[in-house]
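Colleague: Got a few minutes to walk me through this one? I'd like to poke at some spots and then zoom out.

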Amino acid sequence: MRNPFTGSQSSLREANKALLFDTIQKFGSLTQVELAENTGLSTATVSNLVRQLVDDGVFETSSSIRSGRRASLVSISRREGITAGFCIGVRSLDLCITDSANTLLAQHSLPLGARHQSDSTLERSAVLLKETLTSIDASADELIGIGVGLSAPVDYKLQKISVSGILPGWEDVDIPGYYSSIFHVKTTIDNDANLAALAQLRLSSPEEREADFVFINAGDGIGSGIVVNGQIMRGATGMAGEIGHIQVDPLGGVCSCGNRGCLNTVVNEQRLVSLLAVTHGNITTLDDLIEQANSGDAGCRRVISDAALRIGTAVADLCISIDPEVIILGGKLAAARDSFFDSFQESVQRLLFPEVLTPIKIILADLSLTRPERGAALLGLESASSISRIKLDSIAAQDVDTGTARKEGPHDR
């Protein structure tokens, strides 16, 4: 007779495995005792699950010394070669580390002060990367590439911020040169919305990768990444998809870009939480606003709904211009779920062609996968891979020019 509890036991075991995996991603390599302390699982359960995950190739163990005693450290198994992805925003610094198979090994986030300085922020990011590498028992020598996302338009060809004032003090900073001088690997920068779209393109299901789509990165400011024929559309100067700088109020406030009444002036974090200052004095961040909205607070839901309507209007204009198959909603505001999604969908559909043969599909992104720093790590990996291809092409060309044939090696078979 089938055991009626088998299914629930299996589900619990898988949930506990996921808990162990998430804990090591957050804290780095840990002993089994430390895993038990941080997860609340018994040491016996941790021991059994770690053994299974090591056998499955998900975890690996190594010898270490903790408190003067020998210990076995548990780490996420990784393929040779790791990449780092940063996202430098207006108020936060986010980092993730992945291996060459795009397995997420670690991630961290640090708050940044308003108008943070480029030199101190870059120094903090380098320290954070070194400390995170140590926490997963890796060295900087294993890095093969670094990607950096910025909350500003980026001229991808010149590898520089293309519009001054949006990320003040960063316009003339050689960001790739800074990281390359410390870690001795190629570093590539791009706009954060483009990188969120890249993460969607590379990490989503196969059927979703085939569609032309617009990825909306809705947070403290609004951006979008446009994907056509499997490629990011950046534009001549990196301004493609910068819907946060579409004018929505000719008499509105002056934006950081210098124009008046841009979308970003009415849906940024400071503006949204200020609308609740009288009735919700305890709400000071976008995270607070979203948490209260998801808990059912009517005022918070109204603020997010109204913001979604404004954003949807700008997105509808964009879609009329480029005619994508899918709109994908990501970023912090998308975490407000129906408070944001329903109003956004209503706004977009009201302004698009009502009798179109194939309506544009609107879906929510997997927010755990489509973070800009994940896309930055992918960018670092792809840039490193392109260097390898260039080197191989160069070697092949030299062989042809000299009329020599390279001996076949074991990896060529």
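Colleague: Where does N102 lie?

Modeller: N102 is in the loop that runs between strand 5 (92–99) and strand 6 (104–111). Keep in mind that this is a predicted model.

Colleague: And what is phi doing at N102?

Modeller: Phi of N102 is near 65 degrees, so a positive value in a residue other than glycine. Most residues other than glycine have a negative phi.

Colleague: How much of N102 is accessible?

Modeller: N102 is partly exposed, at a relative accessible area of 25%.

Colleague: Which phi value does H184 have?

Modeller: Phi of H184 is near 60 degrees, again positive in a residue other than glycine. H184 belongs to the loop between helix 5 (175–183) and strand 10 (187–191).

Colleague: Is H184 buried or exposed?

Modeller: H184 is exposed, with a relative accessible area of 66%, and the cut-off for that label is over 50%.

Colleague: OK, switching to sheets. What is the strand order in the open sheet of three strands?

Modeller: The order is 1-3-2, and the pairing is antiparallel. Strand 1 (30–31) and strand 2 (59–66) stand at the edges with a single partner strand each, so one side of each has no neighbour in the sheet.

Colleague: How many bridges pair strand 2 and strand 3?

Modeller: Eight bridges, in the antiparallel sense, with strand 3 covering residues 69–76. To give you one register point, S64 stands opposite A71 in strand 3.

Colleague: What does T31 touch?

Modeller: Not counting residues up to four places away in sequence, T31 touches R66, A71, S72 and L73. T31 is found in strand 1, and A71 is the residue that S64 stands opposite.

Colleague: So T31, buried or exposed?

Modeller: T31 is buried, with a relative accessible area of 9%.

Colleague: Let's go to the helix before that. Where is K17, and is it buried or exposed?

Modeller: K17 sits in helix 1 (residues 6–27). K17 is buried, because its relative accessible area is 12% and the cut-off is under 20%.

Colleague: What is K17 in contact with?

Modeller: Leaving aside neighbours within four places in sequence, K17 is in contact with L49, Q52, L53 and D56.

Colleague: Now strand 14. How many of its residues are buried?

Modeller: Five of the five residues in strand 14 (residues 326–330) are buried.

Colleague: And which residues go on which face?

Modeller: V326, I328 and G330 are on one side, I327 and L329 are on the other, and both faces are covered. In a regular strand the side chains alternate between the two faces of the sheet.

Colleague: Which strands are joined to strand 14?

Modeller: Strand 11 (residues 213–219) is joined to strand 14 by five bridges, running parallel. Strand 15 (residues 361–364) also runs parallel to strand 14, with four bridges between them.

Colleague: Give me the bridge partners. What pairs with F213, and what with L329?

Modeller: The partner of F213 is V326 in strand 14. For L329, the partner is L364 in strand 15.

Colleague: One more spot. Where is A240 found?

Modeller: A240 is in the loop between strand 13 (231–233) and helix 8 (264–267). A240 is buried, at a relative accessible area of 16%.

Colleague: What does A240 touch?

Modeller: With residues up to four places away in sequence not counted, A240 touches S224, I226, M233, R234 and G235.

Colleague: How are A240 and P354 separated?

Modeller: Their C-alpha atoms are separated by 26 Å, and A240 and P354 are 114 residues apart along the chain.

Colleague: Fine, zoom out. How many helices and strands are there in the protein chain?

Modeller: The protein chain has 13 helices and 15 strands. Its radius of gyration is 24 Å, close to the 22 Å from the globule rule for 413 residues, so the protein chain is as compact as a globular protein of that length.

Colleague: What does the C-alpha trace span?

Modeller: About 70 × 65 × 50 Å along its principal axes. Buried residues make up 47% of the 413 residues.

Colleague: And what about charge?

Modeller: There are 36 positive and 50 negative side chains in the protein chain, and the centres of the two sets lie 4 Å apart.

Definitions and conventions: Residues numbered from 1 in each chain as written. Predicted model: local features only at pLDDT ≥ 70, side-chain atom pairs only at ≥ 80, totals over all residues. Heavy atoms only, no water. Helix = DSSP H or I, 4+ residues; strand = E, 2+ residues; numbered from the N terminus. Rg over C-alpha atoms; globule rule 2.2 N^0.38 Å. Buried < 20%, exposed > 50% of the residue type's maximum accessible area, 1.4 Å probe, protein only. Lys, Arg positive; Asp, Glu negative; His and termini not counted. Charge placed at Lys NZ, Arg CZ, Asp CG, Glu CD. Pairing = 2+ DSSP bridges. Contact = heavy atoms within 4.5 Å.
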